[in-house]
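I opened a new notebook page for this structure. My plan is to go from the whole chain to single residues.

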Amino acid sequence: MPSRSSTTPSPRFRREAHTVTTTFEVPIHAGQTFFVPDAVELAVVERSGFIESRHAGSAVVLTSEGAVLRALGDVTTPIFPRSSMKPFQAIAVMASGVTLRGEDAAIATASHTGTQRHADLVRGLLARAGIPETALACPAAWPDDSPTRDALVRLGAAKAPIYMNCSGKHAAMLVACQQNGWALSGYLEPAHPLQKRILDVVERFTGERPSASGIDGCGAPVHALSLTALARGIARIATSKSNSPFAIYREAGFLGEAIRQNGWVIAGPGMPDTVVIDRLGLFVKTGAEGICVASAANGTTVALKILDGSLRATTIVALRLLADSGAIAHSDVEAILPELHLMVLGGGLPVGEIRASYV
């Protein structure tokens with residue numbers, strides 16, 4: 001068995017964002033996520049009646065009050081939530097005096113596919129605040145949406161930060177900085193007032209102090225939390241009401257409404273998050289490296305990580321766990337399976353499927 005020891009990475013990270021290059025210190029903890037022996041089988045890939053692949057990971061199901069209904073594998077060792085942390089980041093922006101409602105709140109939480117509609121929402125946020133597109137510090141990217149990407153290529157356009165799947169989050173962060181008189185440059189620095197506020201929101205909603213911090217793929221700080229803490233925080237957001245007497249929970253309530261009412265914004269046409277939100281009305285957000293959080297109408301919430309980082313089984317595992325807990329109907333899950341890209345093909349024909357297999 002490979003050694004569990006790890007090499008501590010260099011504490012210096014170099015960020016290249018559009019035309020601006022910055023170098024800064026990030027606190028490094030000699031931390032890592034849970035190990036293979038501490039995980040359980042969550043899903044399998046079946047081809048022609050033969051199990052050819054297995055996905056191991058960990059998952060937790062909580063009640064709306066935070067009580068553990070089910071725990072599979074190690075749910076206390078930290079993981080990086082990746083884009084599943086976006087709801088906390090959006091709430092921090094909204095709690096900083098920025099009024100985001102409906103599609104504007106949803107795009108601040110999105111991992112969008114870069115359609116023109118998505119790009120228009122991001123441009124609208126920036127334009128209303130008088131912020132140029134060049135202020136976006138997320139990397140330039142092509143849209144994940146194939147028709148949009150093909151159209152840009154035919155026009156001879158170049159990839160741009162506006163099409164990067166996190167551009168809505170970045171635009172919202174910039175608007176918060178403008179609103180509060182904080183510097184736009186360096187808004188991703190861990191010591192920036194906005195990032196400190198985000199960290200405070202993360203701790204407040206999850207009830208846990210992050211054990212490590214790093215740099216996410218889009219350049220923003222990402223904080224390591226246990227799956228239990230992540231599920232707790234998402235449950236608190238998903239069950240918040242827009243008429244709460246407490247301002248931060250009112251904003252969380254508006255965000256939850258925005259997500260459930262604008263599934264197309266959160267991801268894009270045919271994407272699992274969009275399908276689940278539009279068809280089942282759930283609060284759901286996937287994140288890179290096998291992360292998924294989902295909350296049902298009664299507040300029952302799942303947080304899971306596929307240890308190998310694959311996303312192909314995360315949605316079906318989350319849905320099966322919610323159905324097994326009684327929070328959603330198994331028949332409703334069955335009804336959307338054809339839209340979740342779970343079919344295994346052979347010669348262009350269905351010969352198997354990706355399915356949940358935990359026990």
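**Entry 1: a loop residue, His 341.** I started with His 341 and asked whether it is buried or exposed. His 341 is exposed, because its relative accessible area is 55%, and the cut-off for exposed is over 50%. I note that the model is predicted. I placed His 341 in the loop between helix H12 (330-336) and strand E13 (343-346). Its phi is near 60 degrees, a positive value in a residue other than glycine.

**Entry 2: another positive phi.** I looked up Ser 48 next. Ser 48 is not a glycine, yet its phi is positive, at about 55 degrees. I found Ser 48 in the loop between strand E3 (40-47) and strand E4 (50-62). Ser 48 counts as exposed because its relative accessible area is 59%, against a cut-off of over 50%.

**Entry 3: the whole chain.** I then stepped back to the chain. I counted 12 helices and 14 strands in it. Is the radius of gyration what a compact globule would have, or what is it instead? For 359 residues a compact globule would have a value near 21 Å, and the chain has 20 Å, so the two agree. Along the principal axes, the C-alpha atoms fill a box of roughly 60 × 45 × 45 Å.

I checked how much of the chain is covered. Of its 359 residues, 52% count as buried. The exposed area of the chain is about 15,100 Å², and carbon and sulfur atoms supply 53% of that area. For the contacts with a separation of 6 or more, I noted that 62% come from residues 24 or more positions apart.

I also looked at charge. The chain has 32 positive and 31 negative side chains. The centres of these two sets lie 4 Å apart.

**Entry 4: the core and Phe 88.** Which residues of the largest nonpolar core touch the most other members? They are Phe 88, Leu 100, Ile 237 and Val 317, in a core of 110 residues. I followed Phe 88. Leaving out residues up to four places away in sequence, Phe 88 touches Val 201, Val 202, Phe 205, Thr 206, Leu 230, Gly 233, Ile 234 and Ile 237. Ile 237, in that list of contacts, is also one of the four core residues named above.

Phe 88 is among the buried residues of helix H1. I looked up how many residues of H1 (residues 86-94) are buried. Nine of the nine are, so H1 is largely enclosed by the rest of the structure. The buried set includes Lys 86 and Gln 89 as well as Ile 91 and Val 93.

**Entry 5: Phe 205.** I went on to Phe 205, a contact of Phe 88. Phe 205 sits in helix H6 (residues 193-206). Its relative accessible area is 0%, so Phe 205 counts as buried. Beyond four places in sequence, its contacts include Phe 88 and Ile 91. Other contacts of Phe 205 include Gly 233, Ile 237, Ile 248, Tyr 249 and Ala 252. From Phe 205 to Ala 231 I read 9.9 Å between C-alpha atoms, with their positions 26 residues apart in sequence.

**Entry 6: Thr 301.** Thr 301 is in strand E12 (residues 301-306). I noted it as buried because its relative accessible area is 0%. Apart from neighbours within four places, Thr 301 is in contact with residues including Val 60, Val 61, Leu 62, Ile 234, Ala 294 and Leu 322. Thr 301 and Gly 268 are 33 residues apart in sequence, and their C-alpha atoms are 23 Å apart.

**Entry 7: two glycines.** Where is Gly 290? I found it in the loop between strand E10 (283-287) and strand E11 (291-295). Gly 290 counts as buried, because its relative accessibility is 0%. Its contacts beyond four places in sequence include Leu 304, Ile 306, Leu 311 and Thr 314. The C-alpha atoms of Gly 290 and Thr 314 are separated by 6.5 Å, and the two are 24 residues apart along the chain.

Gly 253 belongs to helix H8 (residues 247-261). At 3% relative accessibility, Gly 253 counts as buried. Beyond four places in sequence, Gly 253 touches Ser 240, Lys 241 and Ser 242. I also read 7.2 Å between the C-alpha atoms of Gly 253 and Thr 239, which are 14 residues apart along the chain.

Definitions and conventions
Residues numbered from 1 in each chain as written. Predicted model: local features only at pLDDT ≥ 70, side-chain atom pairs only at ≥ 80, totals over all residues. Heavy atoms only, no water. Core = buried A, V, L, I, M, F, W, Y, C linked by side-chain atoms within 4.5 Å. Buried < 20%, exposed > 50% of the residue type's maximum accessible area, 1.4 Å probe, protein only. Contact = heavy atoms within 4.5 Å. Helix = DSSP H or I, 4+ residues; strand = E, 2+ residues; numbered from the N terminus. Rg over C-alpha atoms; globule rule 2.2 N^0.38 Å. Areas by Shrake-Rupley, 256 points an atom, 1.4 Å probe, with all protein chains shown as cover. Lys, Arg positive; Asp, Glu negative; His and termini not counted. Charge placed at Lys NZ, Arg CZ, Asp CG, Glu CD.
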